[in-house]
Amino acid sequence: MSAHAAPTKRLTLGDLAAKKQSGEPIVMVTAYDFPSAQIVEEAGVDLVLVGDSAAMTVLGYDSTVPVTIDEMLMLTKAVRRGIEKPLLVGDLPFGSYEASDELALATAQRFIKEAGVDLIKIERGGTTVDRARALVNAGIPVVGHVGLTPQTATSLGGYRAQGRTADAALAVIEDALALQDAGVSVLVIEAVPSEVTAALAPLLRIPLIGIGAGADADGQVLVFHDLLGIYAGGVAKFVKPYADVRGVSVAGVQAYADEVRDGVYPAPEHGYGMPEAEAARLRELLAAR
């Protein structure tokens, strides 16, 4: 049993701000369906992100780019049905918000109306700052994302750490500050040197959530399938697996397959019976056919 108290009521953005102010670490994790949502709810996390990482971990794409709005909405609605206390963050997929403020607003409104998300997450700085400001001005809470941004990983040189030179680090920090100025409520920083996070954190009024960004952020986020050892693909250097769910699952299915092939399963205790009188009557009916 955890030594830390799980939330006892539905969290708010004010609760996150209070956690930052008091120095209480914020726990964020991804989830992609009803069962995983129930698990993270029971575990007592603070924020649940239905990330576009679902493209790879759940839907089998080779990157996050192909996943569609409708696919993300289907997954997000399933998670919404499984959580009550954590804040729910919907990740806008590639191509669903970048072109204009109007497109970003229309997509975000679908996630709020159809999936019941509490916040919208978008990636990068640059023109995304304008999209973030437009969403905030429309009353939509936003989570920003700087550092390694998977939707544009190709332009960043692949899935690799960002901000490893002073100039590159400054660019990450400036993107973060621009998003804060645009009014985002929370900021995710991914795959940057710990020194960058340590330099950025004191400059922010909003909670900073790290993933592969060191211990100086206000909280941490990991992908559900990575931290539980479910995903068969490679994991990033910063991932610490806390279980081997895939290994246990494969062993369980193998044991089942072996018992079926050996005639061990199902045993009599796994079946249903009829009263003997009914069984005898069935035999009579069949004999009379």
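This is a short tour of one protein chain, stop by stop, for you to follow in your viewer.

**The whole chain**

Before you click on anything, keep in mind that the model is predicted. Start with the entire chain in a cartoon view, where 11 helices and eight strands make up the secondary structure. Turn the C-alpha trace along its principal axes, and the spans come to about 85 × 40 × 35 Å. Of the 289 residues in the chain, 44% are buried.

Now switch on a surface. The chain exposes about 15,100 Å², and 56% of that area is supplied by carbon and sulfur atoms. If you colour by charge, you will be looking at 24 positive and 36 negative charges, whose mean positions lie 3 Å apart. Contacts are worth a thought here too: among those with a separation of 6 or more, 57% join residues 24 or more positions apart.

**The largest pocket**

Next, select Ile26, Val27, Met28, Val45 and Asp46. These are the residues closest to the centre of the largest pocket, out of 41 that line it. The space inside comes to about 1,200 Å³. How is such a space found? Rolling a probe the size of a water molecule over the atoms shows where empty space is left.

Which elements should you colour to see the lining? Helix H1 (13–22), strand S1 (26–30) and helix H2 (34–43) each give at least two residues to it. So do strand S7 (208–211), strand S8 (219–222) and helix H9 (224–227).

**Thr57**

Move on to Thr57, which sits in helix H3, residues 54–57. Is this residue buried or exposed? Thr57 counts as buried because its relative accessibility is 16%, below the 20% cut-off. Show side chains around Thr57 and look for Tyr32, Val223, His225 and Tyr231, which Thr57 touches beyond its neighbours up to four places away in sequence.

**Val143**

Select Val143 in strand S5, residues 142–147. With a relative accessible area of 1%, Val143 is buried. Which residues does Val143 touch, not counting those up to four places away in sequence? Display Val89, Leu119, Ile120, Lys121, Ile122, Val186 and Val188 to see them. For a distance to try in the viewer, pick the C-alpha atoms of Val143 and Pro207: they are 64 residues apart along the chain and separated by 9.8 Å.

**Leu170 and Ala191**

Go to helix H7 (residues 166–182) and pick Leu170. Leu170 is partly exposed, with a relative accessible area of 44%. Draw a line from its C-alpha atom to that of Ala199, and you should read 9.6 Å for two residues that are 29 apart along the chain.

Then find Ala191 in the loop between strand S6 (186–190) and helix H8 (194–200). Check the backbone angles there: phi of Ala191 is near 50 degrees, a positive value in a residue other than glycine. Why stop for that? Most residues other than glycine have a negative phi, and most peptide bonds are trans. Ala191 is also buried, at a relative accessible area of 8%.

**The loop between H10 and H11**

The last stop begins with Tyr265, in the loop between helix H10 (245–261) and helix H11 (276–287). Pro266 lies in that loop as well. Zoom in on the peptide bond from Tyr265 to Pro266, which is cis, with omega near 5 degrees.

Tyr265 itself is partly exposed, with a relative accessible area of 36%. Beyond its neighbours within four places in sequence, Tyr265 is in contact with Tyr256, Glu259, Val260 and His270. For a longer line across the model, join the C-alpha atoms of Tyr265 and Glu174: they are 62 Å apart in space and 91 residues apart along the chain.

Finish with Glu259, one of those contacts of Tyr265. Glu259 is found in helix H10 and counts as partly exposed, at 37% relative accessibility. Seen from Glu259, the contacts beyond neighbours within four places in sequence are Val264 and Tyr265. One more distance rounds off the tour: from Glu259 to Phe224, C-alpha to C-alpha, it is 31 Å in space for 35 residues in sequence.

Terms used
Residues are numbered from 1 along each chain as its sequence is written. This is a predicted model: local features need pLDDT of at least 70, side-chain atom pairs count only at pLDDT 80 or more; totals for chains, interfaces and linings use all residues. Side-chain values use heavy atoms; hydrogens and water are left out. Helices (H or I, at least four residues) and strands (E, at least two) are DSSP runs, numbered from the N terminus. Buried means under 20% relative accessible area, exposed over 50%, partly exposed in between (1.4 Å probe, protein chains only). Contact means heavy atoms within 4.5 Å. Accessible areas come from the Shrake-Rupley method with a 1.4 Å probe; for residues, only the protein chains shown count as cover. Lys and Arg count as positive and Asp and Glu as negative; His and the chain ends are not counted. The place of a charge is taken as NZ of Lys, CZ of Arg, CG of Asp or CD of Glu. On a 1 Å grid over the protein atoms alone, a cavity is a set of points where a 1.4 Å probe fits but cannot get out, and a pocket is an open set with protein on both sides within 12 Å along at least five of seven lines; lining residues have an atom within 4 Å of a point. Grid points are joined across faces, edges and corners, and a volume is the space filled by probe spheres set on the points.
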